[in-house]
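Me: Please take a close look at a single part of this model. I would like the open sheet and its edges, told in one connected answer.

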Amino acid sequence: GLTVMTNYTFSKTITDGWEGGGSTQSQVANCRSCDRGIVSYDIPHHFVVSTVYELPFGKGKTFGRTWNRAADMIGGGWQVNAIVTLASGNGLTVTAPNRTGSNFTSVRANRLCDGRDDSLSGNLRSNGFVWFDKSCFAAPAAGYFGNSGRGIMHGPGTNNWDIGVQKNVRITESSRFELRAEFFNAFN
């Protein structure tokens, strides 16, 4: 009556210029090694656990083996399930306005300090969706590229819980009625 499936992925995705869809994050076209870094779709840690549990109540189960049909219709046939996804955030490159005169380039900001700020990592809705210290980045002077690297930080992660409850009622030997309630991103 219990099924559990888990998956954990640890990864690091690096490139030196082009990403999927034909977009580029290159700053200087003739220096590909200058643009080596984390891609925007890099998610270093990704953990998923899914479970289905058929509650042990009702006819033929551990509790309620001798229940009559009415008691079994009310108390038997219950099932709960959940899918929990916990993941770190995507790779992030901090960009700035292009004031270099170079076309088809992505200008990165000047990095003045680290930018990571643990005090901002709480509830993003309560702090205006800010999760890094914006004062640590500035636009480079006109005609210059920024000094920050590519993929220097990771965005906010994922903490998603999908939960479901269902009730199966056997109508005949070959047919049943299913009542289901599902809550996607239940704790949002």
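Reply: What follows covers the open sheet, then its edges, then the side chains around them.

The model is predicted. Start with the frame. The protein has 11 strands and 1 helix. Read from the N terminus, the elements go β-β-β-β-α-β-β-β-β-β-β-β. Of the 188 residues, 30% count as buried. Contacts with a separation of 6 or more are dominated by distant pairs: 68% of them join residues 24 or more positions apart.

Now the sheet. It is open and holds 5 strands, in the order 1-4-5-10-11. The pairing is antiparallel. The edges are strand 1 and strand 11 (176-183). Each of these has a single partner strand, so one of its sides has no neighbour in the sheet. From one strand to the next, the twist averages 10°.

Take the strand 1 edge. Strand 1 covers residues 2-10. Its partner is strand 4, residues 45-54. The two run antiparallel and share 9 bridges. One position fixes the register: Thr9 has His46 in strand 4 as its bridge partner.

How many of the 9 residues of strand 1 are buried? The count is 0, so strand 1 is hardly covered. Buried here requires under 20% relative accessible area. Phe10, in strand 1, shows the other end of the scale. Its relative accessibility is 61%, which means that Phe10 counts as exposed. The cut-off for exposed is over 50%.

Phe10 is also part of a nonpolar surface patch. The other members are Tyr8, Phe47, Leu86, Trp161 and Phe187. Together the six residues make a patch of about 650 Å². Place the members on the strands. Phe10 lies in strand 1. Phe47 falls within residues 45-54, the range of strand 4. Leu86 falls in strand 5 (residues 78-87), and Trp161 in strand 10 (residues 158-170). For scale, the whole protein exposes about 12,000 Å², and carbon and sulfur atoms supply 57% of that area.

Next, the pairing of strand 5 with strand 10. These two are antiparallel and are joined by 10 bridges. Thr85 stands opposite Asn160 of strand 10.

Last, the strand 11 edge. Its residues are 176-183. Here the charged side chains take over the account. Arg176, Glu178, Arg180 and Glu182 are linked in a network of salt bridges. In a regular strand the side chains alternate between the two faces of the sheet. Side chains of opposite charge can pair when their charged atoms come close.

Two links of the network can be given with distances. Arg176 meets Glu178 at 3.2 Å, N to O. Glu178 also bridges to Arg180, with the closest N and O atoms 2.8 Å apart. Glu178 therefore takes part in both links. How covered are these residues? Arg176 is exposed, at 52% relative accessible area. Glu178 is partly exposed, at 32%. Arg180 is partly exposed too, at 42%.

The structure holds 6 salt bridges. One of them lies outside the range of strand 11: Arg111 meets Asp114 at 3.1 Å, N to O. Arg111 is partly exposed, with a relative accessible area of 26%. Asp114 is partly exposed as well, at 37%.

To return to the edges: strand 1 carries Phe10, a member of the nonpolar patch, while the salt-bridge network links Arg176, Glu178, Arg180 and Glu182, whose numbers fall within strand 11.

Notes. Residues are numbered from 1 along each chain as its sequence is written. This is a predicted model: local features need pLDDT of at least 70, side-chain atom pairs count only at pLDDT 80 or more; totals for chains, interfaces and linings use all residues. Side-chain values use heavy atoms; hydrogens and water are left out. Patches are made of residues with over 30% relative accessible area and no salt bridge: like charges are joined within 9 Å, nonpolar side chains (Val, Leu, Ile, Met, Phe, Trp, Tyr) within 5 Å. Accessible areas come from the Shrake-Rupley method with a 1.4 Å probe; for residues, only the protein chains shown count as cover. A salt bridge is a side-chain nitrogen of Lys or Arg within 4 Å of a carboxyl oxygen of Asp or Glu. Helices (H or I, at least four residues) and strands (E, at least two) are DSSP runs, numbered from the N terminus. Buried means under 20% relative accessible area, exposed over 50%, partly exposed in between (1.4 Å probe, protein chains only). Two strands pair if DSSP finds at least two bridges between them. Axes are lines fitted to C-alpha atoms, for helices over the stretch in contact, and angles run from 0 to 180 degrees between N-to-C directions. Contact means heavy atoms within 4.5 Å.
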